[in-house]
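Reader: Could you zoom in on one part of this model for me and walk me through what the geometry looks like there? After that, I'd like to hear how it sits alongside the rest.

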Amino acid sequence: MAGTRRSSRLSAATQAMPPPAAPAAPTTNGRKRKAAAEPQAEAPSTPKKKRIVAPPPLTPTPSAVGIIAEPALHNGPQPATVARLADPRGTNAMLLSPETSRLIAPRDEAPPSPSKGRGKPPPTTTTTQTLLQEACDHLISVDERMRPLIAKHTCRAFSPEGLAEKVDPFESLSSGIISQQVSGAAAKSIKNKFVALFAADSAAAARFPHPSQVAATPLDTLRTAGLSQRKAEYIQGLAGRFASGELSAQMLRDAPYDEVLARLTAVRGLGRWSVEMFACFGLKRMDVFALGDLGVQRGMAAFEGRDVAKLRTKGGKWKYMSEQDMVALSDRFAPYRSLFMWYMWRVEETDISTMES
């Protein structure tokens, strides 16, 4: 009987004891190894958010080119379209000296006499009267799809009238800086206020200031025209280079394109695209091509029959067409790539599908 009671007590005590603890994790070099985590119930998966791709930015080309190519404000009546020699690979604009407003002597007014220079290669016969037509004929000879574009649109910048306009390079470059990251209407308003800062009276309000005037004006005063601090600094720095003679209309007319590009991109506030637009529409150089222009990329892709609506961003940047493809296509139209580029901005306004082979 006593053995039975003892056995019952042992059994009850055994049932009351807590379950044995899990064995300690083995140690390695005196450090405890983490025990394996117990499997947990799988949490419901959160649906991944779809990545929203922002629409491609609008190209600033139309408004920026308009203000860059705008004739100097103080020119008055434009001269008659007198024939001058033109060079597809050179500067064809009639440039004014920014500091004196004097016209830089243009090239010969007419082609040299055929009787001169016998035994040498014949001189160019291209003039400001024939340059645009020769360029258009060349584009069509390279690719027949250019014909409907040329029939529908006329590029005034390289027309005899456009080439007769006098251009102040300081004004044109300053206009390019003003137009950066603002609408065309805002850029024109700021430019008008900027000019008004230097008007001694209402009669002088149309004259763009000389570089020496701008270089000597405090930044705070320049900013009252609506310029940001940075743009005011950029324009004042540009003015200093013209005032010192480091930049000049003579150099911009006579220097090869690579030198023009290097000299101007060294100026704060003038990126490659801005300089390319100035070289094309300010200096009226016929063989400029801007690889980084989004409007040109889109137009070229459409010209080649690609569905530009389905293209996506690559590496965070919109690319309608690779630079290699752009170079391969545009090089065919040299030495008139400026005009080819101008027409690429207008591809989507013109039906060229009937011309595709």
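Author: Let's start with Gln-181, which lies in the loop between helix H6 (169–178) and helix H7 (184–196); helices here are DSSP runs of H or I with at least four residues, strands are E runs of at least two, and both are numbered from the N terminus. Keep in mind that this is a predicted model, where local features need pLDDT of at least 70, side-chain atom pairs count only at pLDDT 80 or more, and totals for chains, interfaces and linings use all residues. Residues are numbered from 1 along each chain as its sequence is written, and side-chain values use heavy atoms, with hydrogens and water left out.

Gln-181 isn't a glycine, yet its phi is positive, at about 65°. Its relative accessibility is 85%, so Gln-181 counts as exposed (exposed is over 50% relative accessible area, buried is under 20%, partly exposed is in between, with a 1.4 Å probe and protein chains only).

Now set Lys-284 beside that. Lys-284 is another non-glycine with a positive phi, about 60°, and its place is the loop between helix H13 (272–281) and H14. Buried or exposed, then, for Lys-284? Lys-284 is buried, because its relative accessible area is just 2%.

On the far side of H14 (294–303), the loop leading to strand S5 (313–314) holds Leu-311. With a relative accessible area of 22%, Leu-311 is partly exposed. Skipping neighbours within four places in sequence, Leu-311 is in contact with Trp-318, Lys-319 and Tyr-320, where contact means heavy atoms within 4.5 Å. Leu-311 and Ala-301 are 10 residues apart in sequence, and their C-alpha atoms are 9.9 Å apart in space.

One more loop has a backbone detail for you: Pro-335 is in the stretch between helix H15 (323–330) and helix H16 (337–344). The peptide bond joining Ala-334 to Pro-335 is cis, with omega at about 5°.

Zooming out, the protein chain has 16 helices and six strands. Of its 357 residues, 41% count as buried. Among contacts in the chain with a separation of 6 or more, 72% come from residues 24 or more positions apart. The accessible surface of the chain is about 20,100 Å², and carbon and sulfur atoms own 55% of that; the areas come from the Shrake-Rupley method with a 1.4 Å probe, and for residues only the protein chains shown count as cover.
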